[in-house]
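Hi everyone, thanks for coming. Today I'd like to walk you through a structure that will be new to most of you, so please have a look at it first.

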Amino acid sequence: MKIERTLDSVCNFSDDVISGKIKPPSSPEGRFTQILSVGIGGSALGPQFVAEALAPDNPPLKIRFIDNTDPAGIDHQIAQLGPELASTLVIVISKSGGTPETRNGLLEVQKAFREAGLNFAKQGVAITQENSLLDNTARIEGWLARFPMYDWVGGRTSEMSAVGLLAAALQGIDIREMLAGASLMDGANRNPELRNNPAALLALCWYWASDGVGSKDMVVLPYKDSLLLFSRYLQQLVMESLGKEFDLDGNRVNQGLTVYGNKGSTDQHAYIQQLRDGVHNFFVTFIEVLRDRPPGHDWELEPGVTCGDYLFGMLQGTRSALYANDRESITVTVQEVTPRSVGALIALYERAVGIYASLININAYHQPGVEAGKKAAGEVLALQKRVLAVLNEASCKEPVEPLTVEEVAERCHAPEDIEMIYKIITHMAANDRALIAEGSCGSPRSIKVFLGECNVDALYA
Ligand SMILES: O=P(O)(O)OC[C@H]1O[C@H](O)[C@H](O)[C@@H](O)[C@@H]1O
């Protein structure tokens with residue numbers, strides 16, 4: 001029920017946006033023309049892959065992404081939108097609703113809206129779990145729409161939820177076809193007979209190729225430009241799911257499967273030399289697409305040979321050349337790149353990951369390692385606040401007292417963190433938030449640092 005209701009509301013909302021029934025308040029165009037999707041990890045990779053794979057040449061709304069807390073990257077996206085910010089639908093996606101990168105992206109975009117004199121709430125959409133920080137913010141600020149994400153849907157398997165479907169529908173992609181493809185694949189993967197169960201076969205191939213311990217890397221090579229981001233999408237799906245320290249019985253296993261790749265035949269002119277002749281630490285997955293281009297557009301650029309025949313020849317040739325040198329490969333063949341086949345591909349790999357995880361007895365659906373990195377990042381920012389307080393105190397003296405890195409570390413009572421303190425100081429200096437009085441950032445012992453301005457309020461905070 002909930003799923004159907006969400007799907008209907010995604011379809012109705014996107015129909016209304018595309019038809020102009022729902023419109024931005026102050027755009028001369030009178031309708032939304034752009035999507036700015038703010039999210040990271042599972043809240044970005046699926047929508048990015050699907051946009052690249054399936055968006056038509058002239059979509060009703062074009063899409064851009066903010067998937068990082070890189071200020072220059074964010075500025076670039078906003079600058080590229082230019083005056084079209086007024087007709088941009090901002091979709092903020094976060095299952096937890098509290099991911100710092102996504103929150104920062106939102107705050108930066110809201111600032112850009114304020115500076116352009118636009119009302120963000122009338123152009124903002126949230127996709128998140130009910131009652132998350134993001135959900136509450138969107139509700140209190142009265143955003144244009146909110147769509148739910150359910151607890152039982154993991155971020156990296158959320159492409160077929162509102163997370164992936166809303167942006168896809170707004171780009172004019174037939175999302176019911178994507179779901180139909182996923183559903184067909186789901187049906188096929190319920191077959192208890194192994195040889196007729198595609199996901200089980202795929203998982204067994206991975207097991208066989210990597211000795212069940214990830215001893216070989218998975219190189220994913222779609223021979224189709226529109227599938228370029230499939231390997232990046234799979235990188236999260238596979239590595240975040242399977243890269244685990246402990247198995248389900250608590251044994252230390254350090255499992256995983258490394259995924260990389262871009263596309264063929266492009267990569268044949270890059271690293272495939274090593275795959276053919278170098279260290280044998282991988283297996284390849286070719287994604288073969290039979291239909292070269294839409295009907296009626298083909299022509300022979302040499303007698304009897306089309307451009308697509310070359311692509312076909314490159315795939316088959318590479319496959320044979322690798323095989324001749326004992327390099328294993330899997331080939332996944334689809335008829336053409338359509339919403340249905342892309343839905344099926346996503347469902348295939350989601351299920352293969354689940355089956356492989358049970359073969360190696362690990363939990364595919366948590367990510368404790370990511371949490372460790374986030375915690376450490378929080379500690380760095382807390383240390384930075386202490387560094388700032390120490391520098392401020394010294395910079396408020398008359399005369400100003402420039403400090404060495406060692407002195408800062410001592411006054412922070414963190415001599416063991418001296419390397420991190422040096423990193424913090426160089427970062428602040430590069431961004432004009434600290435001034436180097438003496439020495440150069442390249443040689444840590446030489447520098448003496450102070451703040452350009454004394455913040456008297458902070459002294460007594
Ligand atoms: O959707 P969110 O809650 O913002 O999470 C975004 C991403 O960040 C986390 O750190 C996880 O490692 C990912 O699996 C997740 O997709």
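**Around the ligand**

Let's begin at Ser43, where a polar side-chain atom lies 2.7 Å from an oxygen atom of the ligand. Please keep in mind that this is a predicted model.

Two other side chains belong in the same part of the talk. Lys374 has a side-chain N or O atom 3.0 Å from an oxygen atom of the ligand. For Gln236, a polar side-chain atom lies 3.4 Å from a ligand oxygen. As for how much of the ligand is covered, on its own it has 390 Å² of accessible area, and the protein covers 89% of that.

So which pocket does the ligand take up? The space it fills is the largest pocket. Two elements each give two or more residues to the shell around the ligand: α9, spanning 230-242, and α13, spanning 368-395.

How many residues surround the ligand? There are 14, and the closest are Ser43, Ser94, Ser96, Thr99 and Glu240. You'll recognise Ser43 from a moment ago, with its polar side-chain atom 2.7 Å from a ligand oxygen. Sorted by class, the shell consists of 8 polar, 4 charged and 2 nonpolar residues.

**Some backbone details**

Now let's leave the ligand and turn to the backbone. Where are the cis peptide bonds I want to show you? One runs from Gly264 to Ser265, with omega near 0°. Ser265 itself sits in the loop that links β7 (259-260) with α10 (272-277).

Another cis bond goes from Glu398 to Pro399, and here omega is near -5°. Pro399 is placed in the loop between α13 and β12 (403-404). We met α13 earlier, as it gives two or more residues to the ligand shell.

Then there is Asp211, which has a positive phi of about 55° although it is not a glycine. You can find Asp211 in the loop between α8 (198-209) and β6 (217-222).

**Confidence**

Finally, a word on the scores. The protein chain has an average pLDDT of 97, and 100% of its residues score at least 70. For the model, ipTM is 0.98 and pTM is 0.96.

That's my tour, and I'm happy to take questions.

Technical notes
Residues numbered from 1 in each chain as written. Predicted model: local features only at pLDDT ≥ 70, side-chain atom pairs only at ≥ 80, totals over all residues. Heavy atoms only, no water. Near = heavy atom within 4 Å. Polar contact = N/O pair within 3.5 Å; in protein donor to acceptor, adjacent residues only side chain to side chain. Areas by Shrake-Rupley, 256 points an atom, 1.4 Å probe, with all protein chains shown as cover. 1 Å grid on protein atoms, 1.4 Å probe; cavity = no way out; pocket = protein on both sides within 12 Å on 5 of 7 lines; lining within 4 Å. Sits in = over half its atoms within 2 Å of the grid points. Helix = DSSP H or I, 4+ residues; strand = E, 2+ residues; numbered from the N terminus. Nonpolar A, V, L, I, M, F, W, Y, C, P; charged D, E, K, R; others polar. pLDDT = per-residue confidence, 0-100.
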